[in-house]
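These are my notebook entries from a slow walk through one structure, written for someone who has not seen it before. I take the charged pairs, then the strands, then the rings, and end with a helix.

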Amino acid sequence: MSVIICARNEIANLKQYLPTVLNQNYPDFEVVVVNDRSWDGTEEFLEDLEKHHQNLKVVKVLDNDKFIAGKKFAVTMGIKAAKYDWLVFTDADCTPATENWLMDMQQPEDENIEILLAYSPYLKKRGLLNALIRFETFFTAVNYLSFALKGMPYMGVGRNMAYKKTLFFKNKGFAAHMHIPSGDDDLFVNAHANRNNVIVKLNKESHVWSEPNKTWGGYLRQKKRHFGAGKMYKSKHKFILSVQIIFQFLFYAFFVACMFFSREAQYLALGVLGLSITIRCFVYPKLLKRLNYSDLRWWFPILDILLFFFLTLNGFLAMFGKKKVNWK
């Protein structure tokens, strides 16, 4: 198999995390690192590392290349350079949970499987932002992985997923959405995944840990990119996700509205909120534990409210803000 990593000015992360990928316990694999026009010493570091690791292949994207800049072009360059048909994707700021990560990510025996979806939690740090990011990742993962397990895959996360090289070129790569800055992962899966060609891996050894955003601005920009990609999902997926958002909005709108009416209405709203929290108290802790976020089990009611308002705000900013968003 070929592991593909795109890096733009990621020398610190490459030094820390790339060795954990190169030293995986797997008999025959290569790691293709695409250096996308970095100027922070990444090129020199990768050239030196390449001398000591036969399974490392470095691909350079030059500033004078007359092509569309962006992560999708870098990913395409990495895919073209890969010698194996089974491609595993992760990022420069990611580290596998164990040295057996690739054992879980290897190509399934079933030849009909063309896409593998796995899970990538964020590392725990201090602060509200980190808790919010990890809760949002948990909520998103529960959604897209459960839909995939039920036969309706609609997205994947490029920090930890795999698919066939032949699938990529058979469908002309990212041609249908090359003009969208993001979507090298979720839009590709949304367009080409179906109930018969996708498998989901949830074993803890298949997890890949990732560095979270450290600033609110960085997190906002990341969500803005994701919001832009979501507009190009298949109609049925956009409908399902929109219904989820609408029901969540109506739930909190009902609660707030009841606070302005009679005491009976206020008791009703508090009762509905309490029932919702109670039900989730039986469900969320098990899911949080399985997805490596057990520490959030006491905070999910607060984080759920904060995440809703944050994503609502981000949606408005994405609709009315500047359209150009770079991947790095």
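**Entry 1: a buried acid and its partner**

I began with Glu-30, which counts as buried because its relative accessibility is 5%. I kept in mind throughout that I was reading a predicted model.

Which residue does Glu-30 pair with in a salt bridge? I found Lys-57, with the closest N and O atoms 3.4 Å apart. Glu-30 belongs to strand β2 (residues 30-36) and Lys-57 to strand β3 (residues 56-61), so this pair ties together parts that are 27 residues apart in sequence. Lys-57, at 26% relative accessibility, counts as partly exposed, whereas Glu-30 is buried. I noted as background that side chains of opposite charge can pair when their charged atoms come close.

**Entry 2: further salt bridges**

I then searched the whole structure for such contacts, and the search returned 12 salt bridges.

One of the 12 salt bridges joins the side chains of Glu-43 and Lys-60, at 3.1 Å from N to O. Here too distant parts of the chain are linked, since Glu-43 sits in helix α2 (residues 42-52) and Lys-60 in strand β3, 17 residues apart. Glu-43 counts as partly exposed at 29% relative accessibility, and Lys-60 is likewise partly exposed, at 39%.

I also looked up Lys-125, which forms a salt bridge with Glu-211, the closest N and O atoms being 3.7 Å apart. This pair links distant parts of the chain, 86 residues apart: Lys-125 is in the loop between β6 (115-117) and α5 (128-149), and Glu-211 is in the loop between β9 (208-210) and α8 (216-230). Lys-125 is partly exposed at 39% relative accessibility, while Glu-211 is buried, with a relative accessible area of 13%. I recorded in addition that Lys-71, Asp-91 and Asp-184 are joined into one network by salt bridges that share partners.

**Entry 3: β2, α2 and β3 together**

How do β2 and β3 pair, parallel or antiparallel? I read the pairing as parallel, over 6 bridges. Within this pairing, Val-34 has Val-59 in β3 as its bridge partner. Adding the helix to the picture, I found that β2, α2 and β3 make a right-handed β-α-β unit.

From there I turned to helix α1 (residues 11-22), where Ala-12 is found. Ala-12 counts as exposed, because its relative accessibility is 54%. I checked its C-alpha atom against that of Thr-42, and the two are separated by 8.7 Å although the residues are 30 apart along the chain.

**Entry 4: strand β7 and its neighbours**

Next I followed strand β7 (residues 161-164), in which Met-161 and Tyr-163 point one way and Ala-162 and Lys-164 the other way, all of them buried. Strand β4 (residues 86-91) pairs with β7 in the antiparallel sense over 4 bridges, and Lys-164 in β7 is the bridge partner of Trp-86. I found that β6 also runs antiparallel to β7, joined to it by 3 bridges, with Ile-115 standing opposite Tyr-163.

**Entry 5: the rings**

Tyr-163 came up again when I looked at ring pairs, which link it with Phe-89, Phe-168, Phe-169, Phe-174 and Phe-188 into a cluster.

How many aromatic pairs does a search of the whole structure find? I got 17. In the pair of Tyr-26 and Phe-29, the ring centres are 6.4 Å apart and the planes stand at 70 degrees, so I entered the pair as edge-to-face. Tyr-26 and Phe-29 are both buried.

**Entry 6: helix α10**

I closed with helix α10 (residues 263-290), whose 28 residues should span 40 Å at 1.5 Å a residue, and the end C-alpha atoms are 40 Å apart, which agrees. Where in α10 does a kink lie? I located a kink of about 40 degrees at Cys-281, shortly before the proline Pro-285.

The buried residues of α10 are Ala-265, Ala-269, Leu-273, Ser-276, Arg-280, Tyr-284 and Leu-288. Beside that list I wrote that an α-helix has 3.6 residues a turn, so residues three or four places apart point the same way. Just after α10, I noted that Asn-292 takes a positive phi of about 70 degrees.

How values were computed:
Residues are numbered from 1 along each chain as its sequence is written. This is a predicted model: local features need pLDDT of at least 70, side-chain atom pairs count only at pLDDT 80 or more; totals for chains, interfaces and linings use all residues. Side-chain values use heavy atoms; hydrogens and water are left out. A salt bridge is a side-chain nitrogen of Lys or Arg within 4 Å of a carboxyl oxygen of Asp or Glu. Helices (H or I, at least four residues) and strands (E, at least two) are DSSP runs, numbered from the N terminus. Buried means under 20% relative accessible area, exposed over 50%, partly exposed in between (1.4 Å probe, protein chains only). Rings of Phe, Tyr and Trp (its six-membered ring) pair if their centres lie within 6.5 Å; planes under 30 degrees apart count as stacked, over 60 as edge-to-face and the rest as tilted. Two strands pair if DSSP finds at least two bridges between them. A crossover is right-handed if, with the strands pointing away from the viewer, the path from the first strand over the helix to the second runs clockwise. The expected span of a helix is 1.5 Å times one less than its number of residues. The bend at a residue is the angle between axes fitted to the seven residues ending there and the seven starting there.
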